[in-house]
Amino acid sequence: MVAYHNLYLALSVVLFTIGAIGAITRRNAIVVFMCIEIMLGAVNLAFITFGRANQSVDGIFMVMFVMAVAAAEAAVGLAIFILMYRKRGTINVESFNLMKW
Amino acid sequence: MELIILLICGGLTIITSLLVIFARNTVHSALWMVASFFFMAVLYLLLQAEFIAILQIIVYAGAIMMFIIYAIMMLNLRQEERAPMRKTKVVGVVALLVLFLELLVVAVGRGLLAIKGPVTDQLMAKFGHIAVLSNFLFSDYVLPFELASILLTAGVVGAVILAKQKSE
C-alpha cells in the first residue's frame, strides 16, 4: 500500500502559507484571527501526518492540546476584540496602537 | 482511492481557505472557514485519526466558529475598504513565499525518517481508536491533560472579566 504522506505535508505547507499571508495582509482583526486558525489547522495536519508515518500517538495528542489552546485563545481573543471595539469603534488592526511607543 | 479523495478534499480545503482570506464580508469569511474545517476533518479521517476528525467538527466547526460568528454579530462591522498595501506588507508576503518554497522542498523532497513507534494500524483496528488513545491519555499524557483543563478554566474566567461591561 502506498502512503501519500508527502502530499499531506505539501498540503499543510500550502495551508500554512495561505494563513500567514492572510494574517499579514488583512486588516480586520477577526479575519486575522481566522487566518491564525488556518495556520493552526495546517500545523495539526502536519502533526497527524508525522504521527501516522511514525506509528505514534504523540501527533494526535499534540493536536488535542493545540485544539484546547485554540479554544482558550478564541475566548480571550474575542473578548479583547469586543473591548477594543467598545473603546475605539473599530477592530481594524492598524488602529490598535495602545502598546506602541 | 485514497489519492482521489485526498486530491479532491485537499483542493477544496485550499480553495475554501483562499476564500476565507479574500472574502470582503467577514460573515462570508467565517462560513468559508466552517467549510474548510469540514474538508480538513475528511483529511483526518483519511489519516485514520477518527477521534481528531470528530473533535475538529465539534470543537472547531462547532464551538470556535460559533464564538467567532457571535463576535461578528456583536460588532457592527463595515466592509473593509480596499487600500493599497504598504511596502512592509509586500516585503512580508515575498518573505512568506520564500518560506513556502523552503518548507515545500524540505517537507516533500525528503522522506520521513524516524524510528517507528508501536502504534500500528493493526493495533488501532484490534482495540479501537479511542481505547488506544485513552490508554495513553490517562497515563503518559495525564499532566498535560490536567493542565489543559486549568488553561480552559482560566480562559473562560479571563474572557468573562474582559468582556464584562463596567456598571458605573
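User: Which helix gives the largest share of the nonpolar patch?

Analyst: In this predicted model, helix α1 (residues 2-22) of chain B gives the largest share of the nonpolar patch, with 5 residues. The patch covers about 680 Å² and is made by B:Met1, B:Ile4, B:Ile8, B:Leu12, B:Ile15, B:Leu19 and B:Trp32.

User: Why is B:Leu19 called partly exposed?

Analyst: The relative accessible area of B:Leu19 is 31%. Partly exposed residues lie between the cut-offs of 20% and 50%, so B:Leu19 is called partly exposed. This residue is placed in helix α1 of chain B. Patch residues need over 30% relative accessible area, and B:Leu19, with 31%, is among the residues that make the patch.

User: Is B:Thr26 buried or exposed, and how do you know that?

Analyst: B:Thr26 has a relative accessible area of 6%. Buried means under 20%, and B:Thr26 is therefore buried. It lies in helix α2 (residues 26-46) of chain B.

User: What is in contact with B:Thr26, leaving aside its neighbours within four places in sequence?

Analyst: With those neighbours left aside, B:Thr26 is in contact with A:Asn28, A:Ile30, A:Val31 and A:Met34 of chain A, and with B:Ile72 and B:Leu77 of chain B. Seen from the other side, and with the same kind of neighbours left aside, A:Met34 is in contact with B:Val20, B:Thr26, B:Ser29, B:Ala30, B:Met33, B:Met65 and B:Ile68.

User: Which residues touch the most other members of the largest nonpolar core?

Analyst: The largest nonpolar core has 62 residues, and A:Ile30, A:Met34, B:Ile52 and B:Ile68 touch the most other members. At least two residues each come from α1 (5-25), α2 (29-53) and α3 (58-88) of chain A, and from α1, α2, α3 (50-74) and α6 (129-137) of chain B. Helix α3(A) gives the most, with 13 residues.

User: Why is this core said to lie between domain 1 and domain 2 of chain B?

Analyst: Both domain 1 (1-78) and domain 2 (118-168) of chain B give residues to the core, so it lies between them. The C-alpha centres of these two domains are 21 Å apart. Between the domains, 4 residues of domain 1 are in contact with 4 residues of domain 2.

User: Why is B:Val93 called buried?

Analyst: The value for B:Val93 is a relative accessible area of 15%. Since buried means under 20%, B:Val93 counts as buried. Its place is in helix α4 (residues 87-109) of chain B. Leaving aside its neighbours within four places in sequence, B:Val93 is in contact with A:Ile21, A:Ile24 and A:Thr25. The C-alpha atoms of B:Val93 and B:Ile8 are separated by 27 Å, and these residues are 85 residues apart along the chain.

User: What is the phi of A:Gln55, and where does this residue lie?

Analyst: A:Gln55 has a positive phi of about 50 degrees although it is not a glycine. The residue lies in the loop between α2 and α3 of chain A. Its relative accessibility of 24% falls between the cut-offs of 20% and 50%, so A:Gln55 counts as partly exposed.

User: What makes B:Gln48 partly exposed?

Analyst: B:Gln48 has a relative accessible area of 38%. This value is between 20% and 50%, and B:Gln48 is therefore partly exposed. It is found in the loop between α2 and α3 of chain B, and has a positive phi of about 60 degrees although it is not a glycine.

Note on methods: Residues are numbered from 1 along each chain as its sequence is written. Chains are lettered from A and ligands numbered from 1 in the order in which they are written. This is a predicted model: local features need pLDDT of at least 70, side-chain atom pairs count only at pLDDT 80 or more; totals for chains, interfaces and linings use all residues. Side-chain values use heavy atoms; hydrogens and water are left out. Patches are made of residues with over 30% relative accessible area and no salt bridge: like charges are joined within 9 Å, nonpolar side chains (Val, Leu, Ile, Met, Phe, Trp, Tyr) within 5 Å. Accessible areas come from the Shrake-Rupley method with a 1.4 Å probe; for residues, only the protein chains shown count as cover. A salt bridge is a side-chain nitrogen of Lys or Arg within 4 Å of a carboxyl oxygen of Asp or Glu. Helices (H or I, at least four residues) and strands (E, at least two) are DSSP runs, numbered from the N terminus. Buried means under 20% relative accessible area, exposed over 50%, partly exposed in between (1.4 Å probe, protein chains only). Contact means heavy atoms within 4.5 Å. A nonpolar core is a set of buried Ala, Val, Leu, Ile, Met, Phe, Trp, Tyr and Cys residues joined through side-chain atoms within 4.5 Å. Domain bounds come from an automatic or database domain assignment.
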